Amino acid sequence: MTGADGGAGFAEAAQPGAAEVTASVIVEAPAERVFAALTAWERQSDWIPLTTVRVVEGDGGEGSLVEAVTTIGPAVLRDEMRVVRVDAPYEVGVVHCGKLLRGPGVLRCTPMERDRTQVVWHEWFHLPGGTAGRVAWPVLWPGSKFSLTQALKKFARLVEQGRLP
């Protein structure tokens with residue numbers, strides 16, 4: 001078995017890969033509200049550019065399969081992720097288990113004083129393409145980090161404005 005079904009390919013995908021991306025933001029809202037907004041999977045389409053997110057299996061909680069499809073012109077990137085851990089309102093863990101994007105990820109909400117929350121989004125992707133992928137990653141990494149940071153900033157604004165979840 002391979003892929004999103006939880007078989008041998010899934011166990012391999014759950015191991016951290018060499019491509020690591022982290023972004024964070026402070027949200028002026030309590031952790032419970034921030035966590036609810038992060039795990040409103042379909043609403044991620046509101047703050048992740050060019051991406052449509054939907055739950056394809058389950059209720060969005062632990063065990064669910066979530067699909068994010070990013071379209072840039074004719075290019076389409078399908079990201080399938082299995083929700084493997086939910087510790088509301090602090091953390092949700094996923095494993096990217098699609099054909100191209102594979103590896104674990106975590107979204108953490110850390111409560112701060114004055115009803116503020118730090119959100120950290122951390123991903124460890126396996127690099128596709130062997131040596132070519134490893135060579136390309138240092139070039140791709142800054143754009144990945146920038147895009148993720150910008151998405152989290154938009155997320156924070158929408159939560160603070162009461163437009164999410």
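**View 1. Valine 92 faces leucine 107 across a pair of strands.** In this predicted model, the partner of valine 92 belongs to strand 6. Strand 5, which covers residues 91-97, and strand 6, which covers residues 102-112, are antiparallel and are linked by seven bridges.

**View 2. Step back, and an open sheet of seven strands comes into the picture.** Reading across, the strand order is 1-7-6-5-4-3-2, with antiparallel pairing. At the edges you will find strand 1 (19-27) and strand 2 (51-57), each of which has a pairing partner on one side only. On average, neighbouring strands in this sheet are turned by 20 degrees against each other, direction ignored.

**View 3. Helix 2 packs on the sheet.** Made up of residues 31-38, helix 2 touches strand 1, strand 4 (75-87), strand 5, strand 6 and strand 7 (116-125). If you compare directions, that of helix 2 makes about 155 degrees with that of strand 6.

**View 4. Here is a closer look at aspartate 79, a residue of strand 4.** Aspartate 79 is buried and yet has no salt bridge. What is the nearest side chain of opposite charge? It is arginine 102, 9.2 Å away from aspartate 79, whereas a salt bridge calls for a nitrogen-to-oxygen distance within 4 Å.

**View 5. The side chain of aspartate 79 does have a polar contact, with that of histidine 96.** The distance for this pair is 2.8 Å. Leaving out residues up to four places away in sequence, aspartate 79 touches Val66, Glu67, Ala68 and Leu101 as well as His96.

Methods: Residues numbered from 1 in each chain as written. Predicted model: local features only at pLDDT ≥ 70, side-chain atom pairs only at ≥ 80, totals over all residues. Heavy atoms only, no water. Pairing = 2+ DSSP bridges. Helix = DSSP H or I, 4+ residues; strand = E, 2+ residues; numbered from the N terminus. Axes fitted to C-alpha atoms, helices over the stretch in contact; angles between N-to-C directions. Contact = heavy atoms within 4.5 Å. Buried < 20%, exposed > 50% of the residue type's maximum accessible area, 1.4 Å probe, protein only. Lys, Arg positive; Asp, Glu negative; His and termini not counted. Polar contact = N/O pair within 3.5 Å; in protein donor to acceptor, adjacent residues only side chain to side chain.
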